[in-house]
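I opened this entry to record two look-ups: the surroundings of the ligand and the packing of one pair of helices.

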Amino acid sequence: MKIAIVCYPTFGGSGVVATELGVALAERGHEIHFVTYKQPVRLDLLSRNIHFHEVSVPQYPLFKYQPYELALSSKLVDTVKRFGIEVLHVHYAIPHAYAGYMAKQMLAEEGIQIPMVTTLHGTDITLVGNHPFYKPAVTFSINNSDCVTSVSQSLKDDTLRLFDIRNEIEVVPNFINVDDYTNHFTDCQRDLMALPEEKIITHVSNLRPVKRVLDIVEIFNIVQQEIPSKLLIVGEGPEREPAEALVEKLGLKERVIFFGNSHEINKILCFTDLFLLPSEKESFGLAALEAMASGVPVISTNTGGLPEVNIQGESGFLSDVGNITEMAANALKILGDDDTLARFKIKAKETARKFDTKTVVGQYETLYEKAMASLTV
Ligand code: GMT
């Protein structure tokens, strides 16, 4: 199949999943065309069957806001016509599903019928999309997609609760190539980060308020009083500064490392003992799955889709949002004893295998075929 994938190319789960999906589909022989404003961060363009089409928005002084949707829908029309694309797969409803719908209509005028699959990722529904300024457009684009998927059952439930949806929503969970996270080196170079007796605790995100980065520092503060440890905070975002201030206030500067954005997440996870994800909302928690695939247990909240990924008492522990004391106690339970830590590490990896690329990508192929068939009846 010839598939166009629209996504956000920046650091963030939806872009990562869209990229991994495109790469996996290309390996299965499909021709993949990424259409977005920048090369996706995890995309290696030298792969077979992968193409990238950059959407540029010409600046014009009259516009306070540059019309990205217009440029994207025009680029989609052009790409579909030039490369004979058979399916559009848009990740993140805003504004991708809206632009995709417009492209479909423009192509229909020229007698070209193309199905659009929309994948809902989380904040496009629970935070941004639900805003009254966007809601009618988001509802419209979901209802006018040929196929809609959500990355967890919890996100499907939220979508049906928050929007007036007439379309079926199919749950296709996020996935990971577990083998990419299998440690091929015996030496993870953990001595670069910590002393042999220290445990390494990691958080990876875009450090937005929804990730509750200050809770991470508070949890770590309790843990490090009992167990010698280091905290690695990976990513960039608005909560970095307040978190740095809290680290300073608590006298933890020697124990906490702020990494910024990294292309080496699997190397960082390789020497990590425990992953923290105390988010306010999380439709799935791809970062938790990446940690688990590296054999790293997860302390998370029980919000959204996290209980579908992190299994209580097996791959880690889950607590109510903001329950710092319980999350710290659970972290100590896992880190306090080497046998327990080893058991959780094995279980974390085992749990991640349920979400392996091999088991999930076929579900998208089936959906594409269904969407294409629906246009020919
Ligand atoms: O969490 C973020 O801030 C990034 C956001 C995104 O759009 O990339 O992540 C959402 O989609 C990911 C991939 O499906 C999910 O794993 C995240 O849980 C989800 N984030 C939220 O729901 C807050």
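For the ligand entries I take a polar contact to be a pair of N or O atoms within 3.5 Å. I note at the outset that the model is predicted.

Entry 1, ligand contacts. I first looked up Gly13, where a polar backbone atom lies 2.9 Å from an oxygen atom of the ligand. I then turned to Ser283 and found a polar backbone atom 2.8 Å from a ligand oxygen atom. At His121 the partner belongs to the side chain: one of its N or O atoms is 2.6 Å from an oxygen atom of the ligand. I also recorded the cover: on its own the ligand has 490 Å² of accessible area, and the protein covers 93% of this.

Entry 2, ligand shell. I listed 17 residues around the ligand, of which Ser14, His121, Asn174, Lys211 and Glu282 come nearest. By class, I entered 10 polar, four nonpolar and three charged residues for the shell.

Entry 3, helix pair. How are H12 and H13 oriented to each other? I located H12 at residues 324-335 and H13 at residues 338-352, and read an angle of about 100° with the axes 6 Å apart. Angles of 65 to 115 degrees count as roughly perpendicular, and H12 and H13 are therefore roughly perpendicular to each other.

I next looked up the residues in contact. H12 contributes Lys333, Ile334 and Leu335, which meet Thr340, Leu341 and Phe344 of H13. I classed the residues of this contact as four nonpolar, one polar and one charged.

Conventions:
Residues numbered from 1 in each chain as written. Predicted model: local features only at pLDDT ≥ 70, side-chain atom pairs only at ≥ 80, totals over all residues. Heavy atoms only, no water. Axes fitted to C-alpha atoms, helices over the stretch in contact; angles between N-to-C directions. Helix = DSSP H or I, 4+ residues; strand = E, 2+ residues; numbered from the N terminus. Parallel < 35°, antiparallel > 145°, perpendicular 65-115°, else oblique. Contact = heavy atoms within 4.5 Å. Nonpolar A, V, L, I, M, F, W, Y, C, P; charged D, E, K, R; others polar. Near = heavy atom within 4 Å. Polar contact = N/O pair within 3.5 Å; in protein donor to acceptor, adjacent residues only side chain to side chain. Areas by Shrake-Rupley, 256 points an atom, 1.4 Å probe, with all protein chains shown as cover.
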